Amino acid sequence: MTNQQSPITQKITLPKLQKLKAEGKKFVVLTAYDFSMASAINDNNIEVILVGDSLGMTIQGHNSTLPVTLDDMIYHTKCVIKGAPLPLIMVDMPFATYSTVQDALNAAAQLMRIGAEIVKLEGKDWLIPIIAKLSEQGIPVCAHFGLTPQFMHQLGGFKVQGRTKSGADDMLNNAKAAETAGAKMILLECVPTDLAKKIADQVSIPVIGIGAGKHTDAQVLVIQDILGLTKHPARFAKNYLAQHGTIQTAIKTFGQEVRDGLYPEPHHSFES
């Protein structure tokens, strides 16, 4: 049964997202890299925009996110902010900009000064002291675990993570440690459904999923994926434009399907 979402009319904040998790209500995240798409997302009931380093592939035409620079992220974040006064703005920290605590502080400060409201970092247990320091300095952090595209060469490509017991245990422990260190959200990419559910159940902060099953507190997709613009879409992608005809309706329908539990379906997800 569809529960029609009331229009979002006030600025989305981290406490509002935390309240949605506490109430068992799902929220929605989409990527954007420019003013036009950010405006469409802003006008169609999406709580969070991720200015993703995925722009390296979707906008710049690279085969990975690795070439994206901090200057690239600053430029695209400025474009997005102009079109999106209502969603929370989350911004990726690009490759090798947070190798040390001081590097992370310097890069995150630049993003926060131009309007980012939370930064996202990819990694494992080595992230924990960086998260703690950023949080101490008033910089909200989303910790990205599972498939971390900035580490694609170490991982041997884009592969599901957390299928072994040790891998699953490590990811759960890292998620708990990130919350303790002050992280405000966690993102899980290409993680088995049962593991993502366990993590979402055992941390009190919101957990966003992409290719992580239906039990996370939110779902994120790349805007080009829901518009059918990706030549080789991932298993978790769904083309909403083909079904609904306009960009605005595609965005709105994706949001509604997430909230109603209709997306993701089992074939968008992975098992252990």
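1. Start with Lys120, and keep in mind that this is a predicted model. Setting aside residues up to four places away in sequence, Lys120 touches Leu50, Met90, Val91, Asp92, Met93, Cys142, His144 and Leu187. You'll find Lys120 in strand E4. Its relative accessible area is 3%, so Lys120 counts as buried, the cut-off being under 20%.

2. What does the side chain of Lys120 join up with through a polar contact? Look at Asp92: the side chains of Lys120 and Asp92 are joined by a polar contact of 2.6 Å. Asp92 also sits in the list of residues that Lys120 touches.

3. Now for the largest pocket, which has a volume of about 830 Å³. Its lining is made of 34 residues, and the ones nearest the centre are Met57, Val222, Asp225, Ala234 and Phe236. Sorted by class, that lining has 17 nonpolar, 9 polar and 8 charged residues.

4. Which helices and strands each supply at least two residues of that lining? On the helix side there are H3 (55-58) and H10 (223-226). On the strand side there are E4 (118-122), E6 (185-189) and E8 (218-221). Strand E4 should ring a bell, as Lys120 has its place there.

5. Next, the inside of the protein. The largest nonpolar core has 93 residues, and Leu134, Met185 and Leu188 have the most contacts inside it. Helix H8 (residues 165-181) gives the most to this core, with 6 residues. Try clicking on Met185: leaving aside neighbours within four places in sequence, its contacts include Leu14, Leu17, Phe27, Leu88, Met90 and Ile118. Among the others are Val141, Cys142, Ala143, Ile205, Pro206 and Ile208. Met90 and Cys142 are also touched by Lys120.

6. Thr65 is worth a look too. Its place is in the loop between H3 and helix H4 (70-83). Buried or exposed? Thr65 has 4% relative accessibility, so this loop residue counts as buried. Beyond residues up to four places away in sequence, Thr65 touches Asp53, Ser54, Met57, Pro149 and Gln150. Met57 is one of the residues nearest the centre of the largest pocket.

7. Over in strand E8 you'll meet Gln219. Gln219 is buried because its relative accessible area is 2%, and buried means under 20%. The side chain of Gln219 makes a polar contact with the side chain of Thr216 (3.0 Å), and it also reaches the backbone oxygen of Gly213 at 2.9 Å. Among the residues in contact with Gln219 are Phe27, Val28, Val29, Ile208, Phe254 and Tyr263. Phe27 and Ile208 are in contact with Met185 as well.

8. Finally, Thr31 in strand E1 (residues 27-31). Thr31 has a relative accessibility of 2% and therefore counts as buried. Its side chain makes a polar contact with the side chain of Tyr33 (3.2 Å) and reaches the backbone nitrogen of Ile223 at 2.9 Å. Apart from residues up to four places away in sequence, Thr31 touches Ile41, Leu50, Ser54, Leu221, Val222, Ile223 and Gln224. Val222 is another residue nearest the centre of the largest pocket.

9. One last thing to try with the distance tool. How far apart are the C-alpha atoms of Thr31 and Lys238? These two are 207 residues apart along the chain, and their C-alpha atoms are separated by 14 Å. For Gln219 and Gly56, 163 residues apart in sequence, the C-alpha to C-alpha distance is 21 Å.

Note on methods: Residues numbered from 1 in each chain as written. Predicted model: local features only at pLDDT ≥ 70, side-chain atom pairs only at ≥ 80, totals over all residues. Heavy atoms only, no water. 1 Å grid on protein atoms, 1.4 Å probe; cavity = no way out; pocket = protein on both sides within 12 Å on 5 of 7 lines; lining within 4 Å. Points joined across faces, edges and corners; volume = space filled by probe spheres on them. Helix = DSSP H or I, 4+ residues; strand = E, 2+ residues; numbered from the N terminus. Nonpolar A, V, L, I, M, F, W, Y, C, P; charged D, E, K, R; others polar. Buried < 20%, exposed > 50% of the residue type's maximum accessible area, 1.4 Å probe, protein only. Polar contact = N/O pair within 3.5 Å; in protein donor to acceptor, adjacent residues only side chain to side chain. Contact = heavy atoms within 4.5 Å. Core = buried A, V, L, I, M, F, W, Y, C linked by side-chain atoms within 4.5 Å.
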